[in-house]
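Student: Could you take a close look at one strand for me, and then at the pockets of the model? I'd like one connected account.

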Amino acid sequence: MAQLTQEALIDIRRHLHEHPELAMHEFTTHDYLLATIKKFNQQYIEIREVKSLPTALLVYVNGSDPQRTIGYRTDIDALPVTEATGLPFASKNPGVMHACGHDIHMTVALGVLNYFTEHQPKDNMIFFFQPAEESENGGKVAYELGVFEGKWRPDEFYGLHDNPDLPAGAIGCRMGTLFAGTTEVNVDLIGKSGHAAYPQDANDMVVAAAQFINQVQTIVSRSVNPIEGGVITFGKLDAGTIRNVIAGQARIEGTIRGLTQKMIEHIVDRLQQVADGVATSYGAKVDIQFNQGGYLPVENNDELTRRFIAFAKQDAKTEFVETEPAMTGEDFGYLLSKIPGTMFWLGVDDDSQLHSATLNPKESSIPKGVGSIIRFLNYRMNE
């Protein structure tokens, strides 16, 4: 197969969009990616599958005069979202959609890989098609399984995320943190149920839960430096069974976001203090659990990101936008905590936001993204 045309890239993207799969179940996606890559020139590449992570796929490209090994990562999973775009190539899997644009991510990665199978790179390269970005920490799982040992360990790692707020094909990046870190939090409040007419004989956990949620609002407003970033959102509250029975139990589920791991740890400490205070005030048991396996912040390496931004600003064919940090999470942060690298945005220009059932990225972003990344990687290899 010669270098992929724009039309071929769009066909690939539409096929991937039609067949989305959830985290750790991307078997059809894996097989399609593998079949596509096997059509590329095999002269310089080695394809590797991982038995302990069966939907993952890695490709090693041998460089002509390697000084380093450059890694490029793309995510391959989708979300449990029912698509509402009305597109002729809409998801054929009910209740599952590429609502975060991973179909765009994969297509761009294939375009870049295809180029370097036709034009041998100077440096060695590793392309990592990663399962389970949206949940289950696929990047962390891969790392802990030893996927990146020996020659398969990149010296530096790059990856992108699509951004509907940027012009199609534009590249966005910043020094420091690009994505926030995340930690999930679950709170169980246990009191005593009773008849609505006799509140004195019960211990109402609806009231306790309401007080807990209200007090938590002061953490970000009064315990976090205003020039730093932190978010606490409780998106789910379950309590009670019927209107005339006082609820003896309540459960609150939410998420913490912070631009540094230190900030997340500070918020965790304050949440525990609030929980302890509510337990004392209401004579209740308040059990709070934190998912410390949440996503680390995506913190770009200073030296590599400075080079990346310098290239993007001077490249006549790249539209560069310096972006603000985002409170969304991305599990590439874990890999960047182990291997230096840079994550950046690819603009896809859409009115709908990520994770929306109506997300419809502009496909013109694909060849532009492929071109910018190829030019950057060639620039990096020839520095």
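**Strand 3 and the pockets**

Tutor: Happily! Strand 3 is covered on both faces: Thr69, Gly71, Arg73 and Asp75 on one side, and Ile70, Tyr72 and Thr74 on the other, are all buried (under 20% relative accessible area with a 1.4 Å probe, protein chains only). This is a predicted model, where local features need pLDDT of at least 70, side-chain atom pairs count only at pLDDT 80 or more, and totals for chains, interfaces and linings use all residues. Residues are numbered from 1 along each chain, and side-chain values use heavy atoms, leaving out hydrogens and water.

Strand 3 spans residues 69-75, and since 7 of its 7 residues are buried, it is largely enclosed by the rest of the structure (strands are DSSP E runs of at least two residues, helices H or I runs of at least four).

Now for its partners. Strand 3 pairs in the parallel sense with strand 4 (residues 124-130) over 7 bridges (pairing takes at least two DSSP bridges). Within that pairing, tyrosine 72 has phenylalanine 127 of strand 4 as its bridge partner. Strand 5 (residues 156-163) also runs parallel to strand 3, joined to it by 4 bridges. Here arginine 73 is partnered by glycine 159 of strand 5. Together with helix 3 (residues 102-118), strands 3 and 4 make a right-handed β-α-β unit (clockwise from the first strand over the helix to the second, with the strands pointing away from the viewer).

On to the pockets. The largest has a volume of about 490 Å³ (open 1 Å grid points fitting a 1.4 Å probe, with protein on both sides within 12 Å along at least five of seven lines; lining residues have an atom within 4 Å of a point). Of its 21 lining residues, Glu134, Thr182, Glu184, Arg257 and Tyr295 are the closest to the centre. Strand 8 (181-190) and strand 12 (249-258) are the elements giving two or more residues to this lining, and strand 12 has the largest share, 3 residues. By class, the lining holds 4 nonpolar, 12 polar and 5 charged residues (Asp, Glu, Lys and Arg count as charged; Ala, Val, Leu, Ile, Met, Phe, Trp, Tyr, Cys and Pro as nonpolar; the others as polar). Domain 1 (6-178 + 297-382) and domain 2 (181-291) both contribute to the lining, so the largest pocket lies between them.

The second largest pocket holds about 180 Å³ of space. Its lining includes Asn163, Asp165, Trp345 and Gln353, and by class has 5 nonpolar, 4 polar and 2 charged residues.

How values were computed. Points joined across faces, edges and corners; volume = space filled by probe spheres on them. Domains from an automatic or database assignment. Buried < 20%, exposed > 50% of the residue type's maximum accessible area, 1.4 Å probe, protein only.
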